[in-house]
Structures are given as C-alpha cells and as structure tokens.
Amino acid sequence: MMTTLLNIRELNISFQVDNVDIPAVTDLNFSVDRGETVAIVGESGSGKSVTALSIMQLLAPNVHYNGGTLTFQQKDGRLVDILKCTSSQLQHIRGNEIGMIFQEPMSSLNPVLTCGSQVQEALRVHQPITLKEAKSKTIDLFAKMELPDPEKIMNRYPHQLSGGQKQRVMIAMAMCGSPSLLIADEPTTALDVTVQQSILKLMKQLQQEYGMGLLFITHDLGIVQEIANKVIVLYKGSLVEQGNVNEVFQQPQHPYTKALLACRPVLYSKGQRLAQVRDFLTPDQSKIDSLSVPVAPIATSNLETTEPFAALQNVTVRFPGTKHIFEKAVDFLYAVKNVSFEIEKGETVGLVGESGSGKTTIGRCLVGLTRPSAGSVFFEGKNLFEMPEASLKNFRKKVQIVFQDPYASLNPRMKIGEMLMEPLLVHRFYNDRKRAREAVVSLLEKVHLNADSIFRYPHEFSGGQRQRIVIARALALQPSLIVWDESVSALDVSVQAQILNLLNELKKEMGFSSLFISHDLSVVRYISDRILVMKEGQIVESGTAEDVYHHPQNAYTQKLIDAIPGKKGLPTLKF
C-alpha cells in the first residue's frame, strides 16, 4: 500500500493587486504518494510554480488562500494542514520534511558564499552537528551528487561551476534534511541533453534510495514520459486532465493536452507551421485538421553567393587559467580551437553541443563581445575587430544577441517599456517617446504579450514571459544577424511553438541571418538550414539539418541525439 504524502483538495489561490483579486489557482485537487513521481505540466502562468511555492508557503505577502486544504503526512505519521501551520511548524517542515529545487540555480545560490559553506549551513539548520561534521557530510553529499572532485567544489563559488554542477549543488542542499517529499521546479531547464539525462538519473536514484515522493514541474513532455508515474495538466490555474502518464499521452481527452502534445517540433518538417494552443481551443475543427498539411516552406538563402554574410576564420579563444607563482608561464583554458564556418544572408545555422563545448563563446565572438585570441571574424566582408568606430556603431544596430538567461539580461530597476524604448531612442529610430512607445507595444504584441506589460518590472513576469521580452528587445532595431543563445530553452512547448513560428515569419519578412545555439536538437533541426556540432571547442560534424539529425556520422552527435528525453517514448499523435 502506498502512503499518501501530500493531499491537495479544493485549493484556491489568488493575488491581490491594486485591491483586485487575480485568480492564480482554482479548485485544484491532486495527491502525491510516497515513492511516486507526479509531474505538473502547463504553459507559463498556468499555476505550476504557484502550486509548488504554496506547498512550501513561500508565496508573496499579497497572496490570498480562498479555501482548500494542503494536507501533508510528516515522518512521525502525523497529518498537518500546511495552510494552518505556524511559523515554527513551517520552519521544521521546510527542508526536514519537504525539500525544493528551484528553477534557476544561479539566482537560488548566494554568489558571495562558497558552495560548500551554503550546503554546510543547510545541514546545521536541520541537524545538530558540528562544523567539522557538516563539512564531512557536505563532501559525502557532493560525491553522491557525482560532482567532480568534491573537496575542490566545496571552495568554489557558484559562478565557477557549470549549469549542471550548480543544479547538483542545489539538489544536495535540498537533500540535507532527507525529506519525504521533493519538489523539483524545472530542475533541468536550459541544461544540455546529456547533462539533463544525468540529472534525471540522479533524481531517480535518490528517490529510490530515500523512498521519497517527487513532485516534478516541467514544460518538457519528453522528461515527463521518462520520469513520471502520473501527470497533471494545468491550464490557466485549473486542472484539466490527470492520470497515468502513458494513458494521458496515448489518449489525451482535453483539447489543451492534445495541444501540448501537438506543439513539439519533432513532429514537423522544416517550414511547416507548428501547432499552437489556440488552434485546439477553437470551435473551428478545420483549423486542427489543417495542421497536418505542410505550408509553403520558408525561403532559404542562396548558398552559391560569392561572399558570406558573416564568417569565422580559424578562430581560437583562450582564457587565462592558473598562473604559476615562480614562473612567467600561464596555463590557458581553450574554449574554442581553430573554428571556421560561414553564415549566408538569410540562412539559419544551428550550433549544438554539451555545456562547455564553446557554443556561447562562438556566439559572443560573432557579435563582438569576445575578442578571439587568434583568427578573424567577418561581417559583410569587413573584419569586425578592425572596423572604425563609425562602422562599429552601424554594426551594433545590425547584429543582436538573445542571451540564455532572460532574468540576468533585464535590468531589474527598469520597467519593460523603458527598457525596450531605450535602443529605439539611442539609435534614433524615433525622435519622440510617444512613437517609440507605440513601436514597443507592437513589438510586445508580436511576441504575444499584453500592451500593459510596459508598466511592469522583470520580476513580475514568468520565465517564459521574460524570454519573450528579451526576444522583443533583440528585434527592436530590425537586425540583419541575430545570435540566439538557448533562446527557447526555458520556454514551455506551446510558447516555444509560438516563438518558433514567429521566428519563421520574421525571417521570411525581414530576411535576417541567424546563429541558433541550443541543446535541443529537435528544435535546431526544425529551425535551421545547417547544423554544426561542437565538442571541446571544435566542430566535429556539419551538414544539412536533416542529414545531421537523421543520419549522424559522428559518435558524439549520435550520443546527443540518443540523450533527447522521450525521443523514443512519446507518441506521434494524429489529430
């Protein structure tokens, strides 16, 4: 018999904004048993994270609980309603009884404390142990998390670790109190497929070892297929479907569930319009039927042009490593080694590889943010790092980059409207603020955000919404070359479909070239003309998108494709 750890009944949550109650979760009912993995899926803003944070009672002070219960069984067998717990009871439950892994490890870890000291602090809060014992347990935890050289990781700061390593530190911190229930809020977002696979494997091992219940929040349906027993589908704060994963995915009943399954790029050929949620939530059945019919392919570049639009020639990038005290020599870390490739006008080149393979460094070189140690970067036939200032100013208008972390890319003190107007006014696209504001509203509507977003700050948006704001900012100056650095990795499948359709539309309309960096090969295959595969700073395979994805020649490329979550398990549905 399974023991029910968490039982949520008739939960209603709203936020009070300007004396108005805005519903976030409505009449929510589900449970999590010991040893069971329950996945919550849904679009950004559907109430996934609000539900998770309500269990930990970490929501903002303006939250209102308008009825319902959150019943949790503690380790001693007693049942408590979390909504009625005192502050001291909650302090005991957080960490000891329920652990949580947050969505963005970089913003969840203290940047001025070493990783070891942060985990030691968590251990000493939950257990009556000495500092020496806490240090020893932290090293053991890091070893269990399969972190390389745990004793060195102890003394490193979060910025010195890769994304996957930071996430493992967060998992170690969540496991300090040996919780009965672990809540994982998008724990593998923006991680490359091989690191993602190792994190999922680790979480499965920990669940089996500790017998935990696992509440797994994700937008990746492939991960749900791999890790979960039961799936809960949320739409605008309401539960629209739940049940056994295989049953729900093979025979979805609700139009919204069908929409989420149909949004995946892997089901479509290049140039086809991806299905979107609104297609399934319309009474017009003809729109759904037409989704299986390919639209006219997006115009691709003429690959026979004599001069490439942008190019890297023999580019090497190295960073100083350890400097020897008694020697002049310096050890260098090579991020990119002798890389050459070209991007034609109107072409989209996909760049894939594991974390640390040099993808982002290549992108930064292409937009002039990182100067190569050797080699040259060309844009419209001119050497980027030999351009005069006047040409550089024009270059900065024509070339934009969408960074991986949207929260770190936005100024937390500026409202969205001011942030998007700034480049338009600086580069004199408009001479008055009124016209600039109108252009900003139009941009926001293009990326499916409301006009009133201009009055809000970045922290008031979900992760997916912030990414759309960053994309809008990149499009503001109508660039001719855009570097997309994991720009759709943090988006749920439905929003991702909207953005990919938008990129195809804009590419056709504006004719810009792109370097599309991503760990998701199914997305790269769909959006790119060619794919380059990087490993340890070098390009190990290149070719047309279809050839590389369906007929990889390099063993490393095959490894990346095999690691795609749910690639073999998810059904190919017909609607």
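**Two sheets and their helices**

Reader: How many bridges join strand E3 to E10?
Author: Strand E3 covers residues 37-41, and E3 and E10 run parallel. Strands are DSSP runs (E, at least two residues), helices are H or I runs of at least four, and both are numbered from the N terminus. Two strands pair if DSSP finds at least two bridges between them. For E3 and E10, the number of bridges is 4.

Reader: What kind of model is this?
Author: Residues are numbered from 1 along each chain as its sequence is written, and side-chain values use heavy atoms, with hydrogens and water left out. Local features need pLDDT of at least 70, side-chain atom pairs count only at pLDDT 80 or more, and totals for chains, interfaces and linings use all residues, since this is a predicted model.

Reader: Okay, back to E10. Which residue of E10 is the bridge partner of Val41, and stands opposite Glu241 in E11?
Author: E10 (residues 230-235) has a parallel link to E3. With E11 (residues 238-244), E10 runs antiparallel over 6 bridges. The E10 residue facing Glu241 of E11 is also the partner of Val41, namely Val233.

Reader: And which residue takes a positive phi in the hairpin of E10 and E11?
Author: That hairpin has 2 residues between the strands. With a phi near 50°, the residue is Lys236.

Reader: Which strands are the edge strands of the open sheet that holds E3 and E10?
Author: Its 6 strands come in the order E7-E8-E9-E3-E10-E11, with mixed pairing. Each edge strand pairs on one side only, and they are E7 (98-101) and E11.

Reader: Which helix packs on that sheet, touching E3, E7, E8, E9 and E10?
Author: E3 also pairs with E9 (residues 213-217) in the parallel sense over 4 bridges. Contact means heavy atoms within 4.5 Å, and angles run from 0 to 180 degrees between N-to-C directions, with axes fitted to C-alpha atoms (for helices, over the stretch in contact). The helix in question covers residues 48-56, makes about 145° with the direction of E7, and is H1.

Reader: There's another open sheet, with E14 and E20 in it. Why is one side of E17 and of E21 left without a neighbour there?
Author: This sheet has 6 strands in the order E17-E18-E19-E14-E20-E21. E17 (399-402) and E21 (538-544) stand at its edges, so one side of each is free, because each has a single partner strand.

Reader: Which helix packs on this sheet and touches E14, E17, E18, E19 and E20?
Author: Inside the sheet, E14 (residues 348-352) and E20 (residues 530-535) pair in the parallel sense over 4 bridges. The helix packing there covers residues 359-366, makes about 155° with the direction of E19, and is H14.

Reader: Is Thr361 buried or exposed?
Author: Thr361 is found in H14. Leaving aside neighbours within four places in sequence, Thr361 is in contact with Val317, Phe319, Ala335, Val336 and Thr370. Buried means under 20% relative accessible area, exposed over 50%, and partly exposed in between (1.4 Å probe, protein chains only). At 13%, Thr361 is therefore buried.

Reader: Last one: how are H7 and H8 oriented to each other, roughly parallel or roughly antiparallel?
Author: The axes of H7 (residues 163-174) and H8 (residues 193-210) come within 10 Å and cross at roughly 15°. Angles under 35 degrees count as roughly parallel, over 145 as roughly antiparallel, 65 to 115 as roughly perpendicular, and the rest as oblique. H7 and H8 are therefore roughly parallel.
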